[in-house]
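Here is a short report on one protein chain. It looks at helix packing, aromatic pairs and the overall fold.

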Amino acid sequence: MRLQLGYVPLCDAAPLIAAHELGFTRAEGLDLDLTAEPSWATLRDRLALGHLDGAHMLAPLALASRLALSGPPSDLIVPLQLSTDGNAVTLSRTLWAAMDPDGEALADVARAFAGVAQARLRAGSPLTLGTVHPFSCHSYQLRLFAEAGGLDAAAFRTVVVPPQHCVEALARGLVDGFCAGAPWNDVAAAAGHGRIAVHGSALAPNATEKVLAVSARLDGAILPLVRAVARAGRWCADPENRAELIHRLARRTYLDLDPALVGRAFAGDPDASAEPGPRIRFGAAVEEPRAAQARWLLEQMRAARQLPADLDIAAAIATVYRPDLYRAAVADS
């Protein structure tokens, strides 16, 4: 069976890419056509309209799409979580110099950021920060960063910039900073355009980041797909495979970057529970879509005033998150 799957060029698309490249899907009788999508909004629409069968997707956006809060109505379900962590807030060199924080601890950096943001707001030229989509952990982590410094997030503007264009937006001065996933923060820093101010894992440790979102119409193909991508995720999590994984992701077909930059996303101890840094987590420990994770996302959405007041949280979680399908798929693994 041939399936059309989409992804946005990021390191945490690795399980889908590995499932395709290493034959995990072929072993399940599936042929994948992987397409790199230009933005999360495009991916959301193509998935909802049936042009894609499944995708590597922002966890909050999968919920928002199925709950008719963003884009066309969809029948999406989440039978597998792909990754946790991996985001960072990167600020322009000019902004960082103006902040001049007393230290590199979160509290120091956040307070320094708040001071500059308030001064810019009083001067009538508020800071502008890029986020990859309104329904994203990136948006929520920007709010949490502001709150860590005692700042109301309304003190700065946010604009949507696809992750692969965040570096260019920063270099051109279109934004004063951004929150995006790996590898784009390291790319900006290596090019001299920005400074990584804080990693998302310091703001929300082990936050659900990307999920496998699929159309419910796939029916019988769902379990083989989940099984293949779960096995690929476990392959990605194995430190012995890290060099090969980085090499494959860095290829022109996918990220088209220096492998050294891609590799920074996988630094750190993969068994650590909440290590600060750019580390992305894959594998069995993060794969099951859990109600508690979905609840945390919905709480962040509520804090961002993105949810209707009468939304039944429990019903929403049961509609979208399908741990039963995950368990059925990996029962014999």
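At what angle do helix α10 and helix α16 pack, and how far apart are their axes?

## Helix α10 against helix α16

This is a predicted model. In it, helix α10 covers residues 222-237 and helix α16 covers residues 323-330. The two pack at an angle of about 75 degrees. Their axes are 8 Å apart. Angles of 65 to 115 degrees count as roughly perpendicular, so α10 is roughly perpendicular to α16.

Which residues make the contact? From α10 come Ile222, Leu223, Val226, Arg227, Ala230 and Arg234. From α16 come Leu325, Tyr326, Ala328, Ala329 and Val330. By class, the contact of α10 with α16 has 9 nonpolar residues, no polar ones and 2 charged ones.

## Helix α3 against helix α14

A second helix pair involves α3 (residues 59-66) and α14 (residues 291-303). Here the packing angle is about 80 degrees, and the axes lie 10 Å apart. The helices are therefore roughly perpendicular to each other. On the α3 side, the contact uses Ala59, Pro60, Leu63 and Ala64. On the α14 side, it uses Ala294, Leu297, Leu298 and Met301. The contact of α3 with α14 holds 8 nonpolar residues, no polar and no charged.

Is α3 mostly covered or mostly open? It is mostly covered, with 7 of its 8 residues buried. The buried residues are Ala59, Pro60, Leu61, Ala62, Leu63, Ala64 and Ser65. The four α3 residues named in the contact with α14 are among the buried ones. Just after the helix, Ala68 has a positive phi of about 60 degrees.

## Aromatic pairs

How many aromatic pairs does the structure hold? There are 4. One of them joins Phe113 and Phe156. Their ring centres are 5.8 Å apart, with 70 degrees between the planes. The pair is edge-to-face. Phe113 sits in helix α5 (residues 106-122). Phe156 sits in the loop between α6 (137-148) and β7 (157-160). The two residues are 43 apart along the chain, and the pair links these distant parts.

Why do both count as buried? Buried means under 20% relative accessible area. Phe113 has 1% relative accessibility, so it is buried. Phe156 has 7%, so it is buried as well.

Another pair is formed by Phe266 and Phe282. Its ring centres are 6.1 Å apart and its planes meet at 35 degrees, so the pair is tilted. Both residues lie in the loop between α12 (259-263) and α13 (284-287). They are 16 residues apart in sequence, so the pair ties those parts together. Phe266 and Phe282 are both buried.

Phe113 and Phe156 also belong to an aromatic cluster, together with Phe145.

## The whole chain

The secondary structure comes to 16 helices and 10 strands. The C-alpha trace spans about 60 × 50 × 35 Å along its principal axes. For 333 residues, a compact globule would have a radius of gyration near 20 Å. The protein has 19 Å, which agrees.

What share of the residues is buried? Buried residues make up 58% of the 333. What about contacts between residues at least 6 apart in sequence? Of these, 76% join residues at least 24 apart.

Note on methods
Residues numbered from 1 in each chain as written. Predicted model: local features only at pLDDT ≥ 70, side-chain atom pairs only at ≥ 80, totals over all residues. Heavy atoms only, no water. Axes fitted to C-alpha atoms, helices over the stretch in contact; angles between N-to-C directions. Parallel < 35°, antiparallel > 145°, perpendicular 65-115°, else oblique. Contact = heavy atoms within 4.5 Å. Nonpolar A, V, L, I, M, F, W, Y, C, P; charged D, E, K, R; others polar. Phe/Tyr/Trp six-rings, centres within 6.5 Å; stacked < 30°, edge-to-face > 60°. Buried < 20%, exposed > 50% of the residue type's maximum accessible area, 1.4 Å probe, protein only. Rg over C-alpha atoms; globule rule 2.2 N^0.38 Å.
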